[in-house]
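What follows is a walk through one protein model, meant for a reader who has not met it before. The sheets come early, and the cores and some single residues come after them.

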Amino acid sequence: MKKPFTSTIAHFADLLMDAVCMVDPQGRFVFVSAAGERIFGYTQQEMIGMEMIDLVAPADRERTLAAARSIMDGHPNSRFENRYIRKDGQIVHIMWSARWSEADQLRVAVARDITANKRTDAMQAALYAISEAAHASDDLPALFQRIHQIIGALLPAPVFGVALCGEHDQSLQFAYHASTSGALPPQPLAHLLGEEVLRSGLPVLVTPATLPLLSPALQAAAGLETDCWIGAPLATSHDLIGVLLLQSGGEQSRTGYTDQDQDLLMFVSKQVATAIHRKQLHTRLRHMAQHDELTQLPNRRLFHDRLVMALARAQRHKDQLSLLFIDLNKFKQINDHYGHASGDLLLREVAQRLKRCVREADTVARLGGDEFVIILEEVLVSGDALHIKEKIHQALAAPVLLADGRSLSITASIGVAHYPEHGADVQQLLRHADQSMYKNKLQTEHAE
């Protein structure tokens, strides 16, 4: 006896790489070809009778039901995409070609697994987005926040961390550690995982399945955790600069990260490392361009920019502002007598003492040679600047210990200008402060 025609169709359908599915009006599977097990993870027998919508990812259910109703109304759909949850809990992306068979009262559809294509597209988009972020972000914290968003679109990343190596050693410091709702202090396991990744230079996956393979310290720390983790090295072509960390949460805690997730993070981490390295280099170059090499204080260019902005703020808020112009007395003689190395040490010490005399928000800058300037913002009365001036004299009076054990003392001539009393623009204030300093220096020289 010949096989029924439907059995023959089913036999040939089992040869296809795509899955052929038939769903009744109530939304239950009545037939699934052999490829269904490869795509969905369930056997053909398990899927028969299951409700289609129960396998659809929750976020896609509403539009999937709308598409099903449209198909049953006689509107075939050949490129509908949604996400299904496999038996193992993983997400699979499906492209459907479906139509309604009025005679059989069935939705007949062909399911193609496009997860690999989606992942490739997402990875390429992520690489492009990371490269763009490296150029668009103003600083490293902004870059890390953007990278958190980019990786979160690829992998579940409820908690994301970036730990970077120190400039002078390999100690890890967390430069960013946050959940989707804000900054978080790193857990002890985050530190241990980061150190293990840095030591080995290899990614580390922390799940219940990998726990026996981890170091005793990691096992002890991870044994108290319910979440899963991935740590990936941040490696440039020249060096290992840090570690990327992902911590699962919510739904992901039940299924954990996979080897495929680890491979994906490793792929992305190379681009992230390049972006971070480029931003670090840019930050260093900008710092060098705006700061004095000897004292690390803002240089003349940065000082001028800050004075312009400070003056604009004072004008806008009708505040007072003071400018102190400082010139060290007899510095040339110190250089000639003690040598330039001692002179440099003195300048560095003066810079630190000046910074300790003012607030964090104030600006201390070196114009060059032995000339320093200070911008005091939000000055309530002119006497505040005079108090700072006296404080500076006292700070500089303490002897400076030289490398050879000798000590020397230094004094300074200080001129003060107040906005708006002594000028309404940058040049007027600078000129008044300079002239005031020069008068002070002449008085000091005459007194001696």
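Begin with an open sheet of four strands, whose order is β13-β14-β12-β17 and whose pairing is antiparallel. The model that shows this sheet is a predicted one. At its edges stand β13 (363–368) and β17, each of which pairs on one side only. On average, neighbouring strands of this sheet are turned by 20° against each other, direction ignored.

Inside the sheet, β12 and strand β14 (residues 371–379) run antiparallel and are joined by seven bridges. One residue pair can be picked out here: S322 has L376 in β14 as its bridge partner. Two helices pack on this sheet. Helix α12 touches β12, β13, β14 and β17, and its direction makes about 20° with that of β14. Helix α15 (residues 382–397) touches β12, β14 and β17, and its direction makes about 165° with that of β17.

Strand β17 also leads to a feature of the backbone. The loop between β17 (412–419) and α16 (426–447) holds P420. What is the form of the peptide bond from Y419 to P420? The bond is cis, with omega near 10°.

Helix α12 has a loop on either side. The loop between α11 and α12 (300–317) contains Q296, and the loop between α12 and β12 (320–328) contains K318. Q296 is not a glycine, yet its phi is positive, at about 65°. K318 is not a glycine either, and its phi is positive at about 55°. Is each of these residues buried, partly exposed or exposed? Q296 has 42% relative accessibility and therefore counts as partly exposed. K318 has 74% relative accessibility, so it counts as exposed.

A further open sheet is made of five strands in the order β2-β1-β5-β4-β3, and here too the pairing is antiparallel. Which strands stand at the edges of this sheet? They are β2 (29–32) and β3 (77–85); each has a single partner strand, so one side of each is left without a neighbour in the sheet. Neighbouring strands of this sheet are turned by 30° against each other on average, direction ignored. In general, the strands of a sheet pair through backbone hydrogen bonds, either parallel or antiparallel.

The edge strand β3 is joined to strand β4 (residues 91–101) by seven bridges, and the two run antiparallel. Within this pair, I85 stands opposite I91 in β4. Helix α5 (residues 61–72) packs on the sheet, where it touches β3, β4 and β5 (106–113), and its direction makes about 145° with that of β3. Helix α6 lies across β3, β4 and β5 as well, running at about 130° to β4.

Helix α6 also leads to the nonpolar interior. The largest nonpolar core has 36 residues, and the members that touch the most other members are I151, V162, L234, V272 and I276. Which elements each supply at least two residues of this core? They are the helices α6 (115–136), α7 (140–154) and α11 (259–290), together with the strands β6 (159–165), β7 (172–179), β10 (229–235) and β11 (240–247). I276 shows how such a member is surrounded: leaving aside residues up to four places away in sequence, I276 touches L140, L143, F144, V162, L164, L234 and I241. Apart from this core lies another, of 29 residues, including L297, L328, L346 and I410.

A polar residue can be buried too. N335 belongs to helix α13 (residues 331–338). Its relative accessibility is 14%, below the 20% limit, which means that N335 counts as buried. Residues up to four places away in sequence not counted, N335 touches H340 and G343.

Last come the cysteines. C21 has a relative accessible area of 1% and is therefore buried. C165, at 17% relative accessibility, also counts as buried. How many disulfides does the structure hold? The number is zero.

Definitions and conventions
Residues are numbered from 1 along each chain as its sequence is written. This is a predicted model: local features need pLDDT of at least 70, side-chain atom pairs count only at pLDDT 80 or more; totals for chains, interfaces and linings use all residues. Side-chain values use heavy atoms; hydrogens and water are left out. A disulfide is a pair of cysteine sulfur atoms within 2.5 Å. Buried means under 20% relative accessible area, exposed over 50%, partly exposed in between (1.4 Å probe, protein chains only). A nonpolar core is a set of buried Ala, Val, Leu, Ile, Met, Phe, Trp, Tyr and Cys residues joined through side-chain atoms within 4.5 Å. Contact means heavy atoms within 4.5 Å. Two strands pair if DSSP finds at least two bridges between them. Axes are lines fitted to C-alpha atoms, for helices over the stretch in contact, and angles run from 0 to 180 degrees between N-to-C directions.
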